[in-house]
Amino acid sequence: MNRTLRHLHVQTLITIAVTWIMLNASWQHSLVQAQENRSNQQSGLNVQIETIEGDTQSGQLQQLSGSKVEVGLSGDNALSLELTELASIQLDTIARTSPPTRVSLAGGSVIAAAVASMESESLLIRSVGQPELSVPIKTVRSVRFRAASPGTDPTWMGLIEEPQRRDRLVIRREGDSLDAIEGTILGITRESVSFDLGGNVVEAPLSKLEGVIFSNTPGDRPQKSIRVNDQWGSEWLADSVAWDSKTNALTFSLESNLSHSIPMSQVMSLQFSGGILYLSEAEVARSSASVAVNRLVGDDLASTWFGAEPMEKNVVTQFQSEHVVRIPEGYQQLVAAVRIADEVDEFTPVVVSVLLDDQVVWTKELTDREPIGFALPMENHRQVTLRTTLPETETNSDSDLGNSLGHRVEWLGARLLK
């Protein structure tokens with residue numbers, strides 16, 4: 001009996017000791033967290049800001065909300081600026097290995113996702129170290145399950161830029177070949193995509209897919225004024241941003257009244273002053289038609305009748321022509337897809353090229369109607385030229401007026417990004 005009492009006494013002491021250790025650890029954790037929060041509030045975050053005039057300042061972020069930013073400088077000095085005066089805010093954040101899945105939204109955001117699942121009319125996006133985000137399917141452009149690669153990027157980018165009235169299931173074949181099948185996307189899980197193919201529902205395994213593309217129209221991309229880049233490779237296009245110093249989180253508004261918050265420790269940069277400029281809206285430096293057309297109707301009429309045509313977010317050019325636009329400062333990338341225009345019944349192969357300041361940086365021969373996409377770094381160039389010509393193996397066709405008038409090329413969603 002005494003032995004039993006001693007045993008119970010020892011168990012009681014052990015229980016008390018374990019409880020004390022747990023409470024002490026919890027108290028210490030709370031104390032450390034409180035100290036970190038106080039430190040964040042007192043010292044702010046180290047940032048470097050750049051104005052649209054090119055001036056830079058380094059300091060500690062004190063406020064970012066509504067329409068202004070405040071940064072503490074050396075001494076007791078502070079700088080307060082309207083967001084419309086800013087080009088960018090850079091933070092000391094390290095880039096991380098990005099998950100392969102990419103979710104593209106209609107507003108231009110591209111989200112690096114650990115998992116994306118679809119039920120009914122919503123897509124649930126889980127990103128590393130961030131709150132879950134549920135978005136309406138009508139705001140989703142595509143979900144790409146595979147990491148970007150040089151072999152598949154041109155075809156994939158061409159498919160997502162092409163306007164379409166039905167959903168597409170994109171299958172990865174051997175040799176980096178992609179096949180797109182039209183139908184209706186019913187659901188997405190970790191293992192498969194449920195796809196209605198003309199009344200027959202199939203469960204396509206993710207291991208066989210490149211991704212899915214939802215039906216869209218050229219008007220699906222409203223311009224956003226702020227771009228938030230995080231350490232996982234996501235690019236969030238937002239209408240407004242706000243930083244909460246207490247929780248150290250950045251909250252931003254997306255399309256369709258959506259908002260999302262991510263830890264400020266994951267933010268690499270914020271870019272302002274309008275992140276997108278479509279070439280259809282850019283200043284035209286020169287637009288020239290073919291020699292054959294010029295000889296027939298004269299330079300002025302040729303430029304008017306057969307020059308490049310802006311069509312919403314696209315640019316349409318004639319065969320054997322050059323369309324040159326000026327690039328404002330601050331733009332870092334040119335993104336587009338190109339194809340033979342739908343209204344062209346018959347055509348011979350043509351070569352499309354992109355020039356930056358008169359230097360060819362991308363070229364492709366179009367032999368069918370499939371769109372081909374590209375993304376090119378802008379560096380410090382000041383002009384973009386869209387050129388269409390014959391393949392080098394063909395004879396000179398300046399005198400072939402039929403070729404000049406019969407070939408129209410569409411540059412889909414051609415745009416400059418900051």
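**Exercise 1.** Does Phe252 count as buried or exposed, judged by its relative accessibility?

*Solution.* The structure is a predicted model, and in it Phe252 has a relative accessibility of 1%. Because buried means under 20% relative accessible area, Phe252 counts as buried.

**Exercise 2.** Find the aromatic pair that contains Phe252, and describe its geometry and its place in the chain.

*Solution.* A search of the whole structure finds 2 aromatic pairs. In one of them, the ring centres of Trp236 and Phe252 lie 5.3 Å apart, with their planes at 50°. Planes under 30 degrees apart count as stacked and those over 60 as edge-to-face, so this pair is tilted. Next, locate the partners: Trp236 belongs to strand β18 (residues 235–238) and Phe252 to strand β20 (residues 249–253), and therefore the pair ties together parts that are 16 residues apart in sequence. Trp236 is likewise buried, its relative accessible area being 1%.

**Exercise 3.** Describe the aromatic pair of Trp362 and Phe374 in the same way.

*Solution.* The centres are 4.4 Å apart and the planes make an angle of 35°, which gives a tilted pair. Since Trp362 lies in strand β30 (residues 359–366) and Phe374 in strand β31 (residues 372–377), the pair links parts that are 12 residues apart in sequence. Trp362 counts as buried at 15% relative accessibility, and Phe374 is buried with a relative accessible area of 4%.

**Exercise 4.** Which strands stand at the edges of the open sheet that includes β30?

*Solution.* Begin with the order, β24-β27-β32-β29-β30, in which the pairing is antiparallel. The edges are β24 (284–288) and β30, each with a single partner strand, so one side of each is left without a neighbour in the sheet.

Methods
Residues are numbered from 1 along each chain as its sequence is written. This is a predicted model: local features need pLDDT of at least 70, side-chain atom pairs count only at pLDDT 80 or more; totals for chains, interfaces and linings use all residues. Side-chain values use heavy atoms; hydrogens and water are left out. Rings of Phe, Tyr and Trp (its six-membered ring) pair if their centres lie within 6.5 Å; planes under 30 degrees apart count as stacked, over 60 as edge-to-face and the rest as tilted. Helices (H or I, at least four residues) and strands (E, at least two) are DSSP runs, numbered from the N terminus. Buried means under 20% relative accessible area, exposed over 50%, partly exposed in between (1.4 Å probe, protein chains only). Two strands pair if DSSP finds at least two bridges between them.
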